[in-house]
Amino acid sequence: MPWVVRDAVDEINRAVGRRWQGLDRLLPPRAELPEGCAAPFVAAGANGRPAGLAACCHEHVKAGTLNQTWGTADRFSLIARLREADTSAALDDLVGQWRDHLAGLPGTGAGDTAAMITWPARDVSGVTTLLRHGLQPITVIAVRPARPAAAGRPAHSEAAGSRLAGDESLVIREAGPADLDVVTELEMGVIRYDALFGAAILRPATEELVRAETQAALAVRPAWAWLAGRDGEPVGLVHVQPPEQSRWITGMTRAGVTAYLQTMFVRTGDRGGGVGEALVRHLHAVLDARGVDTTLLHFAQLNPLSAPFWSRMGYRPLWTGWEVRPAASLR
């Protein structure tokens, strides 16, 4: 349509950025509409202006890559930008256009495909529309802003062997190259658990790929992974991607130094005793000392343990990942 030009896209990006800031100051201040596989979908609004625009983006994730563990092989994503506070009507229009678009594409009925929308968690006006079209909340991106240091508080020490107050049997230490086997085992524990809720898909190459990535990560100093242990036996792990490796997700939040918490796992028999809390509090002290402004993480929406735990640790939902599999099942 004649008013779907670059100026209109720029204007709606700015308007949506302002609306997002009114919903949640930790969302990015500007909402960019990327180039899609075709011209943007348009939801008509008042006075001849679009109420919303959306782009369909396709991603084929190659076999033998770790990214394929975290979703389907073929991903069709709707990037929607909606101007008005009540998004329901415009979103319904855009998702309907997207559904018709996907119906005309080959392969969208295959089992290893998904139609996906990442939606601001506090933008609740769109939730019933997403549900009506058959989408389900699968993952959450949660956020924690850094806490200002208290006046007079001593700087955090990153020395190995720190202990949990009140539990002298639990020792938290940096993980290093010699810990490859146990860290790989604990990383796989997270993936196997998340697979129960649809947030991960175990692939034939997953464990080998996790081991290779872990080996590279453990060689880095200063460390970004820590083990909790009792009597020399590791019982839990926390592992973070440093800011320079977290750029793939930093655009999902405000400007600043951002790190991504990729793994927190405690062995089944040791859960409920404060191990996870001790690991995360140790991590937060390190991140605050290293000047990290914002920490992001994913958890499975349907995991009954995740939301209560991460809320206690100071995280809250920022985005929700909605999906329907296969992609052609979008209603």
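These are my notebook entries on what I looked up in this predicted model.

**Entry 1: the two cysteines**

I started with the sulfurs. How many disulfides does the structure hold? I found zero. I then checked Cys37, whose closest cysteine sulfur belongs to Cys56. The two sulfurs are 4.1 Å apart, and a disulfide needs them within 2.5 Å, so this pair is too far apart for a bond. Cys56 is likewise in no disulfide.

Are these two residues covered or not? Cys37 is partly exposed, with a relative accessible area of 40%. Cys56 counts as buried, at 3% relative accessibility.

**Entry 2: strand 4 and its partners**

Next I went to strand 4, and I noted that six of its eight residues are buried. Which strands pair with strand 4? Strand 3 pairs with it in the parallel sense, over four bridges. One spot I looked up there is Ser77, whose bridge partner in strand 4 is Met116. To get from strand 3 to strand 4, the chain passes through helix 2, and this β-α-β crossover is right-handed.

Strand 12 (residues 316-324) also pairs with strand 4, this time in the antiparallel sense and over six bridges. Here I noted Thr118, which stands opposite Gly321 in strand 12.

**Entry 3: helix 2**

Since helix 2 makes that crossover, I looked at it by itself. It covers residues 88-103, which is 16 residues. At 1.5 Å a residue it should span 22 Å, and its end C-alpha atoms are 22 Å apart, so the two values agree.

Which residues of helix 2 are buried? My list reads Ala90, Leu91, Leu94, Val95, Gly96, Trp98, His101 and Leu102. These buried residues pack against strand 1, strand 2, strand 3, strand 4 and helix 3.

**Entry 4: strand 11 and its partners**

I moved on to strand 11 (residues 294-300). It is mostly covered, with six of its seven residues buried. Strand 5 (residues 136-145) pairs with strand 11 in the antiparallel sense, over seven bridges. Within that pairing, I looked up Pro145 and found Thr294 as its bridge partner.

Strand 10 (residues 258-266) runs parallel to strand 11, and four bridges join them. Tyr260 has Leu296 of strand 11 as its bridge partner. With helix 7 (residues 275-289), strands 10 and 11 make a right-handed β-α-β unit.

**Entry 5: helix 7**

Helix 7 has 15 residues. From first C-alpha to last it reaches 21 Å, close to the 21 Å expected at 1.5 Å a residue. Its buried residues are Val275, Gly276, Ala278, Leu279, Val280, His282, Leu283, His284, Val286 and Leu287. Just after the helix comes Gly291, which takes a positive phi of about 80°.

**Entry 6: the nonpolar cores**

A general reminder to myself: in soluble globular proteins, nonpolar side chains tend to be buried together.

How many residues are in the largest nonpolar core? I noted 28, and those with the most contacts inside it are Leu261, Met264, Leu279 and Trp310. Several elements supply at least two residues each, including strand 5, strand 10, strand 11 and helix 8. The largest share comes from helix 7, with seven residues.

I picked Leu279 for a closer look. Leaving aside neighbours within four places in sequence, Leu279 is in contact with Ile172, Trp226, Leu227, Ala228, Gly236, Leu237, Val238 and Met264.

A second, separate core has 24 residues, among them Ala43, Ala51, Cys56 and Val95. I had already met Cys56 as a buried cysteine, and Val95 as a buried residue of helix 2.

**Entry 7: two loop residues**

I ended with loops. Where is Leu26? It sits in the loop between helix 1 and strand 1. At 8% relative accessibility, it counts as buried. Ala255 is 229 residues away along the chain, yet the C-alpha atoms of Leu26 and Ala255 are separated by 8.9 Å. Not counting residues up to four places away, Leu26 touches Val143, Pro145, Met252, Thr253, Arg254, Arg316 and Leu318. Pro145 was the strand 5 residue bridged to Thr294 in Entry 4.

Gly64 is found in the loop between strand 2 and strand 3. At 46% relative accessibility, Gly64 counts as partly exposed. Its C-alpha atom and that of Ala205 are separated by 5.9 Å, with their places 141 residues apart along the chain. Gly64 touches Ala205 and Leu209, again not counting residues up to four places away in sequence.

Technical notes. Residues numbered from 1 in each chain as written. Predicted model: local features only at pLDDT ≥ 70, side-chain atom pairs only at ≥ 80, totals over all residues. Heavy atoms only, no water. Buried < 20%, exposed > 50% of the residue type's maximum accessible area, 1.4 Å probe, protein only. Pairing = 2+ DSSP bridges. Right-handed = clockwise from strand over helix to strand, strands pointing away. Contact = heavy atoms within 4.5 Å. Core = buried A, V, L, I, M, F, W, Y, C linked by side-chain atoms within 4.5 Å. Expected span 1.5 Å × (residues − 1).
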